Amino acid sequence: MPKIPTSRLARTAKFGGLVAGQSARWAGTQLANRTRTPEGAEAADAKRALALADELVTQLGQMKGAAMKLGQVLSTVDFEMVPEGEREAFKAKLAALRDDAPQVPFAKMRQVLVDDLGGSIDEHFQEFDAEPVAAASIGQVYRATLHDGRDVAVKVQYPGVAEAVETDLRNAAVLLPLVKRLAPGLDAKAILKELRDRIGEELDYELEAQHHRRVHRAFRDHPFIMVPAVVTSMSTRRVLITEFVDGRGFAEVQKLDEAARDRFAEICFRFFYGLLRRERTAAGDPHPGNYLLAQDGRVCFLDFGLVRRMDADYLADERALARAVIAGDADTAFEYMSSLGYLPQPDTFEAERILGQLATAGEWYFTTGFRRLDPEYVRSSMEISGSPASPYFEDMRRQTIPPQALLLRRMEGLLFSVLGELRAGADWGTLALEYIADEPPSTDLGRIEAEWLAARPRA
């Protein structure tokens, strides 16, 4: 495994070299374009954008830490300068950075455990399996047994990654010129600030433990949703210990029959939108690796490092925007898009076009009636949302993503992709109305959950 460069100088040099080299090559392309036909210049720009995209993926992947996480989150942004035929592949490369996690020998990970918990491993654990059961961008997960017999998952942060992440976060602004070249309409400065805030929080496992406990309390004793309990007394800034849940992973769930996949998918939908509606919490990492189908039929949800507590007024306005789109109310949808911060210069947009754009992009979610999703439908929907062939492309490239909406949009996009990978069927529009418009439960699972909510003691 390549060593994670931890010194500020080394990591700053990586960022600086990436930006300087690509800036020079981009300038060279623009100079050469003066002698090219318009078609030739456009093709040269596309080729240069694709080369920049590929190098961005390569460099972020080599750096790990926050650089790697930046790439994962940026995978939800539409980079309109990347050629249309290559755009989804580029975004997939960014998203795949999560799966290219470093493997660190247990001897080094053991030292983090000893330093943070104090004493020896045997003092804290009856058994500890040194083979990791999972790996992510900033840590590895092990299975262990406490002396009281509890089976636990132990997430341990990579040694040196904290320093690497902090340096990456300081240097993130260096990427602004590259991000702006690939996505001219994006408020890159505001987005990178939001990423710095969220990723900085993710580095602190004590803060993640707080998020995790809040979500656990919100779904304690839920009839079909499970969130493992945190072992608070043993969790530190670099070590997070939770109840271990044995279950089937996403790849196994994909092989189940339609009824089982549909049930799993509806539970995923209800978990993320229920968490958002009732707890005002956007969970920004609905990655397939964070779901398990437990032996008792409940779906277990993991990893609450990348979350955002939403402002009540902002979230209420997002819901009002969705209701306006569903009602076909162009003027109201335009007003909310403007006030929420999606339209940097509102006077340059037309209300009817904004409504058409939103209704087209969110068709699966804004339209009632049974629909079975699949990966091709998800891909085509995302291409409609950002492809130069879209009739709304010029409008979209002049819009931006408000920082508070970044994890919200990431949650929606990744969940949509997961539902497509499951080839799941449901009346998604009617399900959405339960959370957008407080409509009554529309399925058996919804009614079961409503009974549980009604019987739950008031906080």
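**Salt bridges and cysteines: a quick tour**

Hi everyone, let's start with a cysteine: Cys300 has a relative accessibility of 0%, so Cys300 counts as buried. Please keep in mind as we go that this is a predicted model.

Cys268 is in a similar spot on paper, as Cys268 is also buried, with a relative accessible area of 0%. How many disulfides does the structure hold? The count is 0.

Now to the charged side chains. The structure holds 18 salt bridges, and I'd like to walk you through three of them.

Here is one that involves Arg372. Arg372 pairs with Glu258, and the closest N and O atoms are 3.4 Å apart. Which parts of the chain does this pair tie together? Arg372 sits in strand β12, residues 371–372, while Glu258 belongs to helix α12, residues 258–279. The two parts are 114 residues apart in sequence, so the salt bridge ties together a strand and a helix from separate stretches of the chain. As for exposure, Arg372 is partly exposed at 28% relative accessible area, and Glu258 is partly exposed too, at 43%. If you have the structure open, look for Asp262 as well: Glu258, Asp262 and Arg372 are linked in a network of salt bridges.

Let's stay with helix α12 for the next pair. Arg278, in that helix, meets Glu449 in a salt bridge, with 3.5 Å from N to O. Glu449 lies in helix α21, residues 444–455, and the pair links distant parts of the chain, 171 residues apart. Is each partner buried or exposed, or something in between? Glu449 is buried, with a relative accessible area of just 3%. That value falls under the 20% cut-off, so Glu449 gets the buried label. Arg278, on the other hand, is partly exposed, at 29%.

My last pair is a local one. Glu412 and Arg409 form a salt bridge, with their closest N and O atoms 2.9 Å apart. Where do they sit? Both are in helix α19, which covers residues 406–421. They are 3 residues apart, so about one helical turn separates them. Arg409 is partly exposed, with a relative accessible area of 27%.

So, to recap for your notes: we have 0 disulfides and 18 salt bridges. Among those bridges, Arg372 with Glu258 ties strand β12 to helix α12, Glu449 with Arg278 links helix α21 to helix α12, and Glu412 with Arg409 stays within helix α19. Thanks for listening!

Note on methods
Residues numbered from 1 in each chain as written. Predicted model: local features only at pLDDT ≥ 70, side-chain atom pairs only at ≥ 80, totals over all residues. Heavy atoms only, no water. Disulfide = S-S within 2.5 Å. Buried < 20%, exposed > 50% of the residue type's maximum accessible area, 1.4 Å probe, protein only. Salt bridge = Lys/Arg side-chain N within 4 Å of Asp/Glu carboxyl O. Helix = DSSP H or I, 4+ residues; strand = E, 2+ residues; numbered from the N terminus.
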